[in-house]
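Me: I'd like a close look at one part of this structure, with its surroundings described as you go. Please pick a single helix, start from its packing and its charged pairs, and work outwards from there.

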Amino acid sequence: MDAGISPGQAPAPQDFAQIFRLIGGYRISQALRVAVELGIPDHLAAGPRHCDDLATTTGSHAPTLYRLLRFLAGAGLLDETSPKQFALTPLGSTLRADIPASICPVVRLWLSESHWQSWSHLLHSVQTGQHAFDHAHGTGVFDYLREDAELSAIFNATMTTSSPRVTSNSSGCGQSNSSTREAGQGTVSLSLFPGQELQRLL
C-alpha cells in the first residue's frame, strides 16, 4: 500500500473496474453515433434482423458491423437473440428516429466531429480559460453553425424535438446558463452544448 493512503482510502478492485469503464466511455459514445448514422435502431424497429441483412441495408462491411452490434449488445442496447440475429432492447429503442422527442438529433449533435474535436482541447481550456471549440476550429460555435448547414439543421432538430428533455436532464449537472442565440434559421440554447458544466469552456 502506498504511504499516506489509509485502509479506508485504498481503491478496491471494483474501483479500478469502474475507472476503466469511465476511461473507455468514448468508445460506446462513438458506437452510438455510428448506430444512429446507419439507422440501426430504425432498421430493427419491426423486429430482429440478421447482421448480414443489416449490412446490406446500410451498405456496411458485415464482419465489422457484427463487431459493432456485439459491442452495442454488451452495452445493453441490443440483444443477440440467436447467432448474428439482433433485436432492440428498450434502452436501444430510445435511439429510434420515429419516436416522439427522438434523442437522435442529440446523438448526432453531441457526437459530431466538430463537437467531438472540441473535447480534445479541454486541457487548453482548463489552462487558459479559453473556449475549446474556438481553439479547435478557429471560430466560435455559433459562427461555425452558420457556415455548416447540415450541422445547423441537426442543431435545430435538437431544439425542436428534444430541448425540453435535454434541459430537464441537464438541470442537475451544474448547467446554470439558459441563454439562447441565433444560428442559421433557428434559435440555439447554450444548454444543449455538452460541457457547459465546465464553466462554458467548450
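Reply: Happy to! One term first: two residues are in contact when heavy atoms of theirs lie within 4.5 Å. With that cut-off, Val 107 is in contact with Leu 32, Arg 33, Val 36, Leu 95 and Ser 112, leaving aside its neighbours within four places in sequence. Please keep in mind that this is a predicted model.

That list points to the part I'd choose, helix H2, which spans residues 25–38. For the wider setting, the protein chain has 12 helices and five strands. Of its 202 residues, 36% are buried. Among contacts with a separation of 6 or more, 56% are between residues 24 or more positions apart.

Let's begin with the packing of H2 on another helix. Two packed helices are described by the angle between their axes and the distance between the axes. Here the partner is H5, residues 62–74, and the two axes come within 10 Å and cross at roughly 120°. Because angles of 65 to 115 degrees count as roughly perpendicular and those over 145 as roughly antiparallel, H2 is oblique to H5. The crossing of H2 past H5 is left-handed.

Which residues make up this contact? On the H2 side they are Arg 27, Ile 28, Ala 31, Leu 32, Val 34, Ala 35 and Leu 38, and on the H5 side Leu 65, Leu 68, Phe 71 and Leu 72. By class, the residues of the contact of H2 with H5 are 10 nonpolar, no polar and one charged.

H5 also has Arg 67, which is exposed at 55% relative accessibility. Arg 67 and Lys 84 are 17 residues apart along the chain, with their C-alpha atoms separated by 9.9 Å. Lys 84 sits in the loop between strand S2 (78–82) and strand S3 (85–88), and although Lys 84 is not a glycine, its phi is positive, about 65°. At 33% relative accessibility, Lys 84 is partly exposed.

Now back to H2 and to the residue we started from. Val 107 lies in helix H7, a stretch made of residues 104–110. With a relative accessible area of 10%, Val 107 falls under the 20% limit, so it counts as buried. Leu 32, one of the residues that H2 brings to its contact with H5, is also among the residues in contact with Val 107. The C-alpha atoms of Val 107 and Gln 30 are separated by 9.4 Å, while the two residues are 77 apart along the chain.

H7 and H2 are linked by charge as well. Side chains of opposite charge can pair when their charged atoms come close. Arg 108 and Glu 37 form such a salt bridge, at 3.2 Å from N to O. This pair links distant parts of the chain, with Arg 108 in H7 and Glu 37 in H2, 71 residues apart. Arg 108 has a relative accessible area of 27% and is partly exposed, and Glu 37, at 40%, is partly exposed too.

How many salt bridges are there in total? The count comes to six. One of them joins Arg 96 to Asp 98, with the closest N and O atoms 2.8 Å apart. Asp 98 is exposed, at 51% relative accessibility. Another brings together Arg 146 and Asp 143, at 2.8 Å from N to O. These two residues both lie in helix H11 (residues 141–147), three residues apart, about one turn of the helix. Arg 146 is partly exposed at 41%, and Asp 143 is partly exposed at 42%. Returning to the H2–H7 pair, salt bridges that share partners join Glu 37 and Arg 108 with Glu 150 in one network.

One last stop is Gly 92, in helix H6 (residues 90–93). At a relative accessible area of 1%, Gly 92 is buried. Beyond its neighbours within four places in sequence, Gly 92 is in contact with Pro 41 and Leu 77. The C-alpha atoms of Gly 92 and Leu 77 are separated by 4.0 Å, and the residues themselves are 15 apart along the chain.

To put H2 together: nonpolar residues account for 10 of those in its contact with H5, Leu 32, Arg 33 and Val 36 are among the residues in contact with Val 107, and Glu 37 is in a salt bridge with Arg 108.

Definitions and conventions:
Residues are numbered from 1 along each chain as its sequence is written. This is a predicted model: local features need pLDDT of at least 70, side-chain atom pairs count only at pLDDT 80 or more; totals for chains, interfaces and linings use all residues. Side-chain values use heavy atoms; hydrogens and water are left out. Axes are lines fitted to C-alpha atoms, for helices over the stretch in contact, and angles run from 0 to 180 degrees between N-to-C directions. Helices (H or I, at least four residues) and strands (E, at least two) are DSSP runs, numbered from the N terminus. Angles under 35 degrees count as roughly parallel, over 145 as roughly antiparallel, 65 to 115 as roughly perpendicular and the rest as oblique. A crossing is left-handed if the near helix is turned anticlockwise from the far one by less than a right angle, and right-handed if clockwise. Ala, Val, Leu, Ile, Met, Phe, Trp, Tyr, Cys and Pro count as nonpolar, Asp, Glu, Lys and Arg as charged, and the others, Gly among them, as polar. A salt bridge is a side-chain nitrogen of Lys or Arg within 4 Å of a carboxyl oxygen of Asp or Glu. Buried means under 20% relative accessible area, exposed over 50%, partly exposed in between (1.4 Å probe, protein chains only).
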